[in-house]
Amino acid sequence: MNSYLRCALRASRLSWVPRIQVLVDRNEPRRAPQWCAARSWHWHVQESSSALTWVVTPIGQKNLRCYSAAPSSGVERPLEDEDAMDKKIRQLKKRQVFHTAQQVFLEYLQVTRGLGFVDAEHISKHSPIFVSKLLDMVKGAMKEPVEGGEEKVYTSKLKRREMMDQRVSKALVRLFRYHPINEFEPFLESIGLKPNEYDYFMPRDLLFLADDAKLLTSYHALCNYGVDRTMIGKIYREAAEVCSFGENELASKLRALEDLGFSKTSVIKLLVSTPVILTRDPNSEFKILQWLDDIGIQRDWIGQFLSASKSYNWRKMVKVPHFFSELGFNKEDIGKVIRKNPDFLLDGSGRALFTVVTAMLKAGSGKKDLFNLFLDFPDVSAMNFTRNLRRGILLLAEIGVSEEDIKNFVAAHASLLGSAPVKKANSILTNLSVGKARLCKIIMNEPRQLMQYTVGSKLSRLECNRDETSLKEKVKFLKSIGFVEGSVDMEKAFKVFRGKGDELQDRYDFLVKTGLDPKDVVHMIKVAPHVLNQKINVLESKISFLVNETGYPLSALVGFPSYLSFTVDRTRVRFLMYDWLRERGLAAPNLSLSTLLACSEKNFVKYLVEKHDRGPEVWEKFKREVTTRNMPCT
């Protein structure tokens, strides 16, 4: 008796309700629709001498021929957002009715469908999405009874909850009795597959797990071997044919892996991380094992470092020892390196190692430098080493180290650079309160000082190392513009100034030449001495923007000299927003520079941007426009 006829006879015995007619002629190819296995259906069977008529209708959809590959002409209900579904499941799990539904589902699978208790319990407890769908189908039973109805209304919260559990239990029993479910959906969810994954694996002509004997046999064989039930889904997703092996065939393949020298624990890790190994010849797949034998490493040693959450390409791993051999390592040294850094083999199946090599080659290192690096490789993963190395090189470049000196530094201290992530240059300069030249000198003279500048470390201001000549030049400059030697203002300026005395003088002269009164410039320096730390071209671009694009007078700088500390991009986007609001009468004209620039972005948005309903949208638009302009001067 074919599977179609079996389904039809079951349907007639259970008196399923008719919904839509779908005709299947005996001569037509027996092809089930893709959507028929993803839901629980209502069937109606009619027999005649010439044809067998099935009636199947998903609610809200138009008639479809089950053998058609064309999409539905009806409007399908969009799938719920995954985050929203997760939130809904978390909320449901906190309710007693959810656990009641799980218990009823467990009894259905065990008593009605004849599954073993362990299988039924696992499926019911590890398919929350399916259980939530069941509760949606009986949500009427979850409603509180109304006064004057058939059911008595209780005031006790505990009693109301108890009565709701009873109503839901009865509704689910009735649902299972007249509308049998597609058991593959909760089963596939319980082994770790998500709804968008298991729809592809749903059998097209089966409803009950018992009808797929090979699947259950393979499932039980894997469970009995020690594979976590929730991890079998990964095996099913990446190598579905594994679950169609017979018990003897699967056992022989698992035994073949053990015969290669792997323990049972390692075989389980291998199976979950790389399921395809069961579909390939293990001898050709694990050529790396011969290398491990040659370099004195036991085959099962590598199993302790395998992760079920990763996937491995065992064929590519052979390139790793081959690379070390070409680099000049003997077998004993290769064994030492791999024992110390097993992720050279396992992280990306060797890809992480070659990422390190590529980074070193780009930095100008040669074969000898690579040899020395791997002999003294730091205790970090290969990927982290590469990230740390790039951060270190970027730091050296930003503080003014020449390209040639960077290459020499990397060749001599690669292990040090890659051992930990260093802070960004601006952060180090600010916290130490030093200039780039001094920081460069510190690092080049004492490379290990870099370890004091790693992410998470606390930096303290360095003592001022004032060069006698530079100090005299700064004192001479400050006295020439009216500062009193030894005064608080002069000490404040000394702590902030970066640069030589003649550079400060040139920047001061530039500000005066723009049209500012010398007394006003002195006042600005006393209030915000850091304005003289910027190069003349930067000062020029900021003043030009203020006068020519914002319409504010040059004298506005006197009241708020810190304007010169903000980037042109920050200033531009805030003025674009301010002008937009002013055109709509939502902002007062001629607001001070400090009001527009000194506040944080959060406060600017709160007190100005949100004055208009479209304000936040326009604000984000202006920010994107300014970013894309990529202004060269900041």
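# A guided tour from α33 back through the chain

The buried residues of α33 make their packing contacts with α30 (568–583) and α32 (601–607). The model is a predicted one, and this helix is the starting point of the tour.

**Stop 1: helix α33.** Select residues 615–629, which form α33. The helix has 15 residues, which at 1.5 Å a residue should span 21 Å; the C-alpha atoms at its ends are 21 Å apart, in agreement. Now show the side chains. Which residues of α33 are buried? They are G615, V618, W619, F622 and V626. Viewed down the axis, these residues cover an arc of only 105°, which places them on the same side of α33. An α-helix has 3.6 residues a turn, so residues three or four places apart point the same way. Rotate to the face turned away from the buried side: the exposed residues there are E617, R624, T627 and T628.

**Stop 2: V605 in helix α32.** Next select V605, which belongs to α32. V605 has a relative accessible area of 18%, and is therefore counted as buried, the cut-off being under 20%. Beyond its neighbours within four places in sequence, V605 is in contact with E610 and W619. W619 is also one of the buried residues of α33. A second link to look at is G615: its C-alpha atom is separated by 8.4 Å from that of V605, with the two positions 10 residues apart along the chain.

**Stop 3: N590.** Move to the loop between α30 and α31 (593–597), where N590 is located. Check its backbone first: phi is near 60°, a positive value in a residue other than glycine. Is N590 buried or exposed? With a relative accessible area of 65%, N590 is exposed.

**Stop 4: helix α28 and G551.** Select residues 536–550 for α28. From first to last C-alpha, this helix of 15 residues reaches 20 Å, close to the 21 Å expected at 1.5 Å a residue. Its buried residues are V538, L539, K542, I543, F545, L546 and T550. Following α28 is G551, with a positive phi near 85°.

**Stop 5: S433.** Select S433 in the loop between α22 (425–432) and α23 (436–445). Although S433 is not a glycine, its phi is positive, about 55°. S433 counts as partly exposed, at 24% relative accessibility.

**Stop 6: T358.** Select α18 (residues 351–362) and locate T358 within it. At 38% relative accessibility, T358 counts as partly exposed. Add T386 to the selection: 28 residues separate T358 and T386 in sequence, and their C-alpha atoms are 9.2 Å apart in space.

**Stop 7: E144.** The next selection is E144, in the loop between α5 (128–137) and α6 (157–178). E144 counts as partly exposed, with 40% relative accessibility. What does E144 contact, leaving aside its neighbours within four places in sequence? The contacts are R160, M164 and R167. R161 can be added for a distance check: it lies 17 residues from E144 in sequence and 9.4 Å away, C-alpha to C-alpha.

**Stop 8: helices α3 and α4.** Select residues 96–112 for α3 and 117–125 for α4; the two pack at an angle of about 145°, with axes 9 Å apart. The crossing of α3 past α4 is right-handed. On the α3 side the contact is made by Q102, F105, L106, L109 and Q110, and on the α4 side by F117, A120, E121, I123, S124 and K125. Colour the contact of α3 with α4 by class, and six residues are nonpolar, three polar and two charged.

Keep α3 selected. Its 17 residues should span 24 Å at 1.5 Å a residue, and the end C-alpha atoms are 23 Å apart, which agrees. The buried residues of α3 are V97, F98, T100, A101, Q102, V104, F105, L106, Y108 and L109. Just after α3 comes G114, with a positive phi of about 80°.

**Last view: the whole chain.** Clear the selection and display everything. The chain has 33 helices and three strands. Of its 634 residues, 43% count as buried. Among contacts with a separation of 6 or more, 72% are between residues 24 or more positions apart.

Key
Residues are numbered from 1 along each chain as its sequence is written. This is a predicted model: local features need pLDDT of at least 70, side-chain atom pairs count only at pLDDT 80 or more; totals for chains, interfaces and linings use all residues. Side-chain values use heavy atoms; hydrogens and water are left out. Axes are lines fitted to C-alpha atoms, for helices over the stretch in contact, and angles run from 0 to 180 degrees between N-to-C directions. Helices (H or I, at least four residues) and strands (E, at least two) are DSSP runs, numbered from the N terminus. A crossing is left-handed if the near helix is turned anticlockwise from the far one by less than a right angle, and right-handed if clockwise. Contact means heavy atoms within 4.5 Å. Ala, Val, Leu, Ile, Met, Phe, Trp, Tyr, Cys and Pro count as nonpolar, Asp, Glu, Lys and Arg as charged, and the others, Gly among them, as polar. The expected span of a helix is 1.5 Å times one less than its number of residues. Buried means under 20% relative accessible area, exposed over 50%, partly exposed in between (1.4 Å probe, protein chains only). The arc is that of the directions from the helix axis to the C-beta atoms.
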